[in-house]
Amino acid sequence: MTDGNSNGNASGNGNGHEVRLRGKVRVKHRGPVLLRGEQVDNSTTDQRLLDSAGPSDWLHTDPWRVMRIQSEFVEGFGALAELGPAVSVFGSARTPVDSDEYRAGVQIGRALVDAGYAVITGGGPGAMESANRGAFEAGGTSVGLGIELPFEQGLNDYIHLGLNFRYFFVRKTMFVKYSQGFIVLPGGFGTLDELFEALTLVQTHKVTRFPVILFGTAYWSGLLDWIRSALVAEGKASPGDLELISCTDSVEEAVKILEASRTNGHAQPAHNPE
């Protein structure tokens, strides 16, 4: 604690923490953190660490969450680092198993495996399950990156390699880092979020350009028309930004777009150090 002398010189507390009085305001340095006034406490970090009878609230504070976030990145990088060429397939968890969209997802999963890709999805039911199922049944590598949600979904049964994440942004990093392209089946808010996240990263050159393919022209045509008539027409996006998006009803064409991009060198893995 401070000795209270008028020149404001600090006295050590023996634990690497410095508390001093500047005028009538108490000031404390805790590592890189500056505390003043009511923010100053009378304990030290060492003391709280070694106090087994202390409260456990620290488990739920932001500094501890940083460690959880770090651990999720480490687990994800470790599990996926040797995955090889892969394509992420997005789509609605609500897609019925007996629907044409589900059948298309199965076909896409199989075609991607035949073209030499692993298939990555969000690991849930519906469209995600369909792509995983196609990859699984074709003997390829089927990956599911799940997310903790209030309504528990769990990973589907067609996954060889599955990870569950607490944090959306960590999961999104894995989708982008280990994919050479995105195929987007019809979906809702979550699918749109992933779609526009990918487009933004490509548009702003935060990642090496890779194909973003919308599958299902009837479903996506309204969105593309709005992008042209509103975003581009009013100068909120450039006409060239439309070139970042492909739209098709053909599984074969979707794979050809991926292959052409890979051949031309535009779809190197986002984790390529070059």
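**Salt bridges, buried polar residues and surface features**

Asp 62 and Arg 65 sit 3 residues apart in helix H2, which is about one turn of the helix. In this predicted model, their side chains meet in a salt bridge, with N and O 2.8 Å apart. Asp 62 is exposed, with a relative accessible area of 53%, while Arg 65 is partly exposed at 33%. As a general point, side chains of opposite charge can pair when their charged atoms come close.

Stepping back to the whole chain, there are 8 helices and 11 strands. Of the 274 residues, 39% are buried. Among contacts with a separation of 6 or more, 64% are between residues 24 or more positions apart. The accessible surface adds up to about 15,200 Å², and carbon and sulfur atoms account for 53% of that.

The pair in helix H2 is one of 10 salt bridges in the structure. Another joins Glu 137 and Arg 133, whose closest N and O atoms are 3.0 Å apart. These two residues are about one helical turn from each other, because they lie 4 residues apart in helix H4, which covers residues 127–137. Glu 137 is partly exposed, with a relative accessible area of 40%, and Arg 133 also counts as partly exposed, at 25%. Things don't stop at the pair: Arg 110, Arg 133 and Glu 137 are linked in a network of salt bridges. Elsewhere, the side chains of Lys 236 and Glu 234 meet in a salt bridge at 3.4 Å, N to O. Both Lys 236 and Glu 234 are exposed.

Back in helix H2, there is also a charged residue without such a partner. Glu 72 is found in this helix, and it is buried yet has no salt bridge. The nearest side chain of opposite charge belongs to Arg 166, 4.2 Å away. A salt bridge needs the nitrogen and the carboxyl oxygen within 4 Å, so Glu 72 and Arg 166, at 4.2 Å, don't make the cut. What does the side chain of Glu 72 reach at 3.4 Å? The backbone nitrogen of Tyr 167 lies at that distance from the Glu 72 side chain. Setting aside residues up to four places away in sequence, Glu 72 touches Phe 165, Arg 166, Tyr 167, Val 170 and Met 174.

Ser 142 is another buried residue with polar partners. Its place is in strand E7, which covers residues 142–147, and it counts as buried because its relative accessibility is 0%. The side chain of Ser 142 makes a polar contact of 2.8 Å with the side chain of Asn 132. The Ser 142 side chain also reaches the backbone oxygen of Tyr 158, at 2.6 Å. Leaving out neighbours within four places in sequence, the residues in contact with Ser 142 are Val 119, Asn 132, Ala 135, Phe 136, Tyr 158, Ile 159, His 160 and Leu 161.

On the surface, Leu 59, Trp 64 and Met 67 make a nonpolar patch of about 250 Å². Leu 59 comes from the loop between helix H1 (45–50) and helix H2 (62–80). At 30% relative accessibility, Leu 59 counts as partly exposed.

Another loop residue to look at is His 205, in the stretch between helix H6 (189–203) and strand E10 (212–215). Its phi is near 60°, a positive value in a residue other than glycine. Is His 205 buried or exposed? His 205 counts as exposed because its relative accessibility is 69%.

Finally, Glu 252 belongs to helix H8, residues 251–263. With a relative accessibility of 55%, Glu 252 is exposed. Glu 252 and Gln 107 are 145 residues apart in sequence, but their C-alpha atoms are 9.6 Å apart in space.

Conventions. Residues are numbered from 1 along each chain as its sequence is written. This is a predicted model: local features need pLDDT of at least 70, side-chain atom pairs count only at pLDDT 80 or more; totals for chains, interfaces and linings use all residues. Side-chain values use heavy atoms; hydrogens and water are left out. Buried means under 20% relative accessible area, exposed over 50%, partly exposed in between (1.4 Å probe, protein chains only). Contact means heavy atoms within 4.5 Å. Accessible areas come from the Shrake-Rupley method with a 1.4 Å probe; for residues, only the protein chains shown count as cover. Patches are made of residues with over 30% relative accessible area and no salt bridge: like charges are joined within 9 Å, nonpolar side chains (Val, Leu, Ile, Met, Phe, Trp, Tyr) within 5 Å. Lys and Arg count as positive and Asp and Glu as negative; His and the chain ends are not counted. A polar contact is a pair of N or O atoms within 3.5 Å; within protein, one must be able to donate a hydrogen and the other to accept it, and residues adjacent in sequence count only if both atoms are side-chain atoms.
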